[in-house]
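Here are some notes for your reading of the model, set out as numbered points. Please check each of them against the coordinates as you go.

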Amino acid sequence: MSLELADAAVLEPGQRFPEIPRMSDPVFKSEFLQTMQARGFIHQITHPVELDAACAGGPVTGYIGFDATAPSLHVGHLIQIMMLRRLQQAGHRPIVVMGGGTTKVGDPTDKDASRPLLTDAQIQANIATIKGTFERFLTFGDGPTEAVMIDNDSWLSKFGYVEFLREFGVHFTINRMLAFDSVKARLEREQPMTFLEFNYMLMQSVDFLELERRLGCVLQMGGSDQWGNIVNGVELIRRVDGKPAFGLTTPLLSTASGAKMGKTMGGAVWLNADLRSPYDYWQFWRNTEDADVGRFLQLFTDLALDEIARLEALPGAAINQAKKVLANAATTLLHGPEAAARAAGAAEAAFVQGALSDDLPTYEVPSSDLAAGIVLAALAVDAGLAGSRGEARRLAQGGGLRLNDKAELDANRTVSDADLTDGVIKLAAGKKKIVLVKPV
């Protein structure tokens, strides 16, 4: 964790906050920052002493923005959602900003290529399907600590181009913008950045300014890759309105083995149930690496820290009990207790008792294809149990590919409707992944 301190002076265009020696283990007074620190959320903070005092003095309003580039958010967004949850739990007001305006441009951060441009209709359709996710984690309403959701298109699309440049462009220098990692890294890799994308950081800064003026928002949070964009907004508010503003980032998450958080062989771990079933979501957390269990319990559940410490310290194979607790708690937060209980029950039935359940993930194949026969390796890939046919063959040779609970050493064998049992084919990879193949 690093905490960057800076003074509160009004800055001239191009000036940067002076850096003061970093505090390795600060002592916070506010419940919010104490919780964020104890659970491992904090990577960087602007003005930590001021922010701590503000949070200790009464409700503050903070926000995180989410662009609508897909019909669902994924597990990579979950740490940001949990930050808003922690803010509200500590007695403050969270704002969810849906990026109806910024999605039209596309965040270039950590990207080597421009995002595909979506139509207004596509963006609004994505926002409509994303909104429900936040209701699981936050309490919305009109109270001083109740969450607010707002679309930044409501102000960004109202600016005229010349008006936007005259009002805000004068506060940003090209020299400074080129120095930000999101821009510099792209240019160093000799990947083109469009002028459209170059404007994204200005738009995000204006978001913060508008929220400060409309809703009294003083805090922007995000991942550490957003640090430059967040600092721009902090500086803009302090320079233009002369008011306090703060930024806070989390570490970018990866698993203990170095994999990007939320990415699996089957793709993104979506939060919407129609894109990833509660069972698959439960299994994702159940399959957490041993070294990540404690950290993920801190970040993605509401369990008390002393209970997390107990679970994290379980020896040997007993750590699997902690993984089940993690899976149950994380799935309950997103999908509710009934869905979590069904997912846990389906896993128990499938892996311990060998039974089938309607809650197991399914893969549908045309009846005509199954009648003609499908190579097992190809079926394993299509069903998401292997990343390639070669991987499926290696899995089979090692005894890890099972068809109707029997190991299949030959991944080139043909699977057909003769393999149907009670109308389905049970296909498994290792001890943790099961798919029911159903003809349609």
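1. The model is a predicted one, and a convenient place to begin is its surface, where Tyr-161, Val-162, Leu-165 and Phe-195 together make a nonpolar patch of about 420 Å². Helix H6, which spans residues 161–168, supplies three residues and with them the largest share of this patch.

2. Within that patch, Leu-165 deserves a separate remark, since its place is in helix H6. Is Leu-165 to be called buried, partly exposed or exposed? Its relative accessibility is 31%, and because the partly exposed class lies between 20% and 50%, Leu-165 counts as partly exposed.

3. A contrasting case is Thr-133, which is placed in helix H4, the run of residues 120–135. Its relative accessibility is 6%, and because anything under 20% is classed as buried, Thr-133 counts as buried.

4. The surroundings of Thr-133 can be described in some detail: when residues up to four places away in sequence are not counted, Thr-133 touches Ile-81, Leu-271, Asn-272 and Leu-334. With one of these, Asn-272, there is also a polar contact from side chain to side chain, at 3.3 Å.

5. Turning to the strands, one open sheet is built from six of them, in the order S1-S6-S5-S2-S3-S4, and its pairing is mixed. Its edges are formed by strand S1 (44–45) and strand S4 (148–151), each of which pairs on one side only.

6. The edge strand S4 can be followed to its partner, strand S3 (residues 93–99), with which S4 pairs in the parallel sense over four bridges. For anyone who wishes to verify the register, Ile-95 has Val-148 in S4 as its bridge partner.

7. A further open sheet contains five strands, arranged as S9-S15-S14-S11-S12, and here too the pairing is mixed. Strand S9 (362–365) and strand S12 (406–407) are the edge strands, each pairing on one side only.

8. Inside this five-stranded order, which way do strand S11 and strand S14 run, parallel or antiparallel? Strand S11 (residues 401–403) and strand S14 (residues 425–429) run antiparallel and are joined by three bridges. A residue pair that can be used to check this register is Arg-402, whose bridge partner in S14 is Ala-428.

Key:
Residues numbered from 1 in each chain as written. Predicted model: local features only at pLDDT ≥ 70, side-chain atom pairs only at ≥ 80, totals over all residues. Heavy atoms only, no water. Pairing = 2+ DSSP bridges. Helix = DSSP H or I, 4+ residues; strand = E, 2+ residues; numbered from the N terminus. Buried < 20%, exposed > 50% of the residue type's maximum accessible area, 1.4 Å probe, protein only. Polar contact = N/O pair within 3.5 Å; in protein donor to acceptor, adjacent residues only side chain to side chain. Contact = heavy atoms within 4.5 Å. Patch = residues over 30% accessible without salt bridge, like charges linked within 9 Å, V, L, I, M, F, W, Y side chains within 5 Å. Areas by Shrake-Rupley, 256 points an atom, 1.4 Å probe, with all protein chains shown as cover. Salt bridge = Lys/Arg side-chain N within 4 Å of Asp/Glu carboxyl O.
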